[in-house]
Amino acid sequence: LLFTHIGELTTNDGEPISDAAMLVVDGSVAWVGRADDAPAADRATDLGGAAVIPGFVDSHAHLMFAGDRAAEFAARMAGEPYSAGGIATTVAATRQASDPELEANLARLTSELHSNGVTTFETKSGYGLTTHDEERSLRIAAAHTPHTTFLGAHVVPKEYVDRPDAYVQLVIDEMIPACAPHAWGVDVFCDRGAFDGDQARAILEAGKAAGLLPRIHANQLQAGPGIRVAAEVGALSADHCTHLTDDDIELLAEHEIVATLLPGAEFSTRSPYPDARRLLDAGVTVALATDCNPGSSYTTSMPLMISLAVREMRMTVPEAIRAATLGGAKALGRTDIGFLGEGARADFAVIDAPSATHLAYRPGVNLIRSTWINGRAVA
Ligand code: NIG
Ligand code: FE
């Protein structure tokens with residue numbers, strides 16, 4: 001199938017191509033280039049001058065939950081501070097929910113992601129916080145994405161509030177073995193009100209020993225040990241990175257850890273944004289992701305993340321689009337997605353505009369005309 005009359009094709013493999021075409025064979029990209037040079041194909045689809053980009057890779061989301069926290073959001077906008085403690089509200093609702101309810105919520109959010117141009121997403125557990133509820137969250141998620149991340153160490157649940165170390169031990173001894181068959185990654189919320197550096201290191205090492213890829217929620221609420229722990233355990237990415245010291249930035253660059261920035265969280269908690277420029281100038285690979293969760297960032301819009309990154313975080317438009325596609329792919333350790341060149345999976349989004357710049361230039365407008373995974377339209 002030849003997609004032709006593409007106004008601007010972002011490949012992430014050299015400069016964007018104008019007046020482009022893309023040939024898809026068996027779910028993969030077989031050729032990209034100028035429309036005038038396109039090879040013959042069985043069928044052709046005229047995109048009428050629309051821009052095409054690689055599908056967004058949302059490398060950080062928390063989609064296994066029930067209920068919402070609209071009241072908490074409203075209170076926060078009226079002046080209450082954000083704290084990690086709000087997670088407990090969602091934990092209570094998630095434990096009450098049946099498997100079909102959790103799956104229906106995930107399916108609803110997946111369809112929102114597709115409508116927003118997302119072709120690959122990660123989801124964490126972390127709102128069960130019992131072995132049973134973490135295990136079923138990941139088992140359900142694993143039917144919908146290969147990138148399921150065990151986040152049993154999201155916060156210490158209320159049953160363990162006086163014995164946090166006993167909870168860490170439960171995570172290591174019982175939860176990781178039960179969850180590992182359904183999980184791809186392991187994550188810890190290493191921050192004020194959650195887990196400290198030693199606890200995070202112990203859990204990530206135990207996850208690694210069970211075959212899971214480590215990643216970490218680091219430095220969202222304050223500077224701390226998270227980046228050092230990420231370097232020690234060989235994390236693929238360190239996520240949030242809102243409060244970074246110069247040493248942290250050096251560690252990220254030196255260990256080639258992707259810095260995953262989640263501006264939806266700063267937007268919805270009215271916090272200062274991370275400075276992407278500082279990271280990019282130091283040679284760090286930056287990813288943008290939604291952090292979709294009912295507490296700190298209840299959005300599935302990658303275009304909104306691009307708008308925020310460009311307007312508030314000193315990223316150029318091409319840098320932001322790259323971070324939302326190729327950056328996310330790198331954060332997930334994927335080499336088959338995040339770009340559109342020969343051999344790539346045919347995962348892409350068609351934009352109702354002549355250039356990808358419109359994604360940032362027209363904030364709050366959903367310009368995604370269609371979303372394709374493996375060469376098939378999903379939205
Ligand atoms: O990534 N920071 C930790 N976890 C989520 C928020 C979870 C919640 O408030 O429910 C985050 O922002
Ligand atoms: Fe998160």
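Hi everyone, let me start right at the ligand: a nitrogen atom of ligand 1 has a polar side-chain atom of Gln220 at 2.7 Å. Before I go on, please keep in mind that this is a predicted model.

Staying with the contacts, Tyr82 places a polar side-chain atom 2.5 Å from an oxygen atom of ligand 1. His240 joins in as well, with an N or O atom of its side chain 3.0 Å from an oxygen atom of the ligand. And how much of ligand 1 does the protein bury? Taken alone, the ligand exposes 330 Å², and 100% of that is buried by the protein.

Now let me widen the view to the shell. There are 15 residues around ligand 1, and those that come nearest are Arg69, Tyr82, Tyr127, Gln220 and Ser296. By class, that shell splits into nine polar, four nonpolar and two charged residues.

So where does ligand 1 sit? The ligand is in the largest cavity. With a threshold of 30 Å³ or more, the count is one cavity, and the space in the largest cavity is about 100 Å³. Its lining is made of 14 residues, with Tyr82, His154, Gln220, Asn293 and Ser296 lying nearest the centre. You will recognise Tyr82 and Gln220 from the contacts I just described. Sorted by class, the cavity lining has eight polar, four nonpolar and two charged residues.

For those of you who like grids, a quick reminder: rolling a probe the size of a water molecule over the atoms shows where empty space is left.

Let me finish with the largest pocket. Its volume is about 440 Å³. Which residues lie nearest the centre of this pocket? They are Asn12, Pro318, Glu319, Ile321 and Arg322, out of 22 lining residues. Helix H12, residues 317-331, gives the largest share of that lining, with nine residues. As for the chemistry of the pocket walls, the lining has 10 nonpolar, seven polar and five charged residues.

That's my tour, from the contacts of ligand 1 out to the largest pocket. Thanks for listening, and I'm happy to go back to any part of it!

Notes. Residues are numbered from 1 along each chain as its sequence is written. Chains are lettered from A and ligands numbered from 1 in the order in which they are written. This is a predicted model: local features need pLDDT of at least 70, side-chain atom pairs count only at pLDDT 80 or more; totals for chains, interfaces and linings use all residues. Side-chain values use heavy atoms; hydrogens and water are left out. On a 1 Å grid over the protein atoms alone, a cavity is a set of points where a 1.4 Å probe fits but cannot get out, and a pocket is an open set with protein on both sides within 12 Å along at least five of seven lines; lining residues have an atom within 4 Å of a point. Grid points are joined across faces, edges and corners, and a volume is the space filled by probe spheres set on the points. Ala, Val, Leu, Ile, Met, Phe, Trp, Tyr, Cys and Pro count as nonpolar, Asp, Glu, Lys and Arg as charged, and the others, Gly among them, as polar. A residue is near a molecule or strand if one of its heavy atoms lies within 4 Å of it. A polar contact is a pair of N or O atoms within 3.5 Å; within protein, one must be able to donate a hydrogen and the other to accept it, and residues adjacent in sequence count only if both atoms are side-chain atoms. Accessible areas come from the Shrake-Rupley method with a 1.4 Å probe; for residues, only the protein chains shown count as cover. A molecule sits in a cavity or pocket if more than half of its atoms lie within 2 Å of its grid points. Helices (H or I, at least four residues) and strands (E, at least two) are DSSP runs, numbered from the N terminus.
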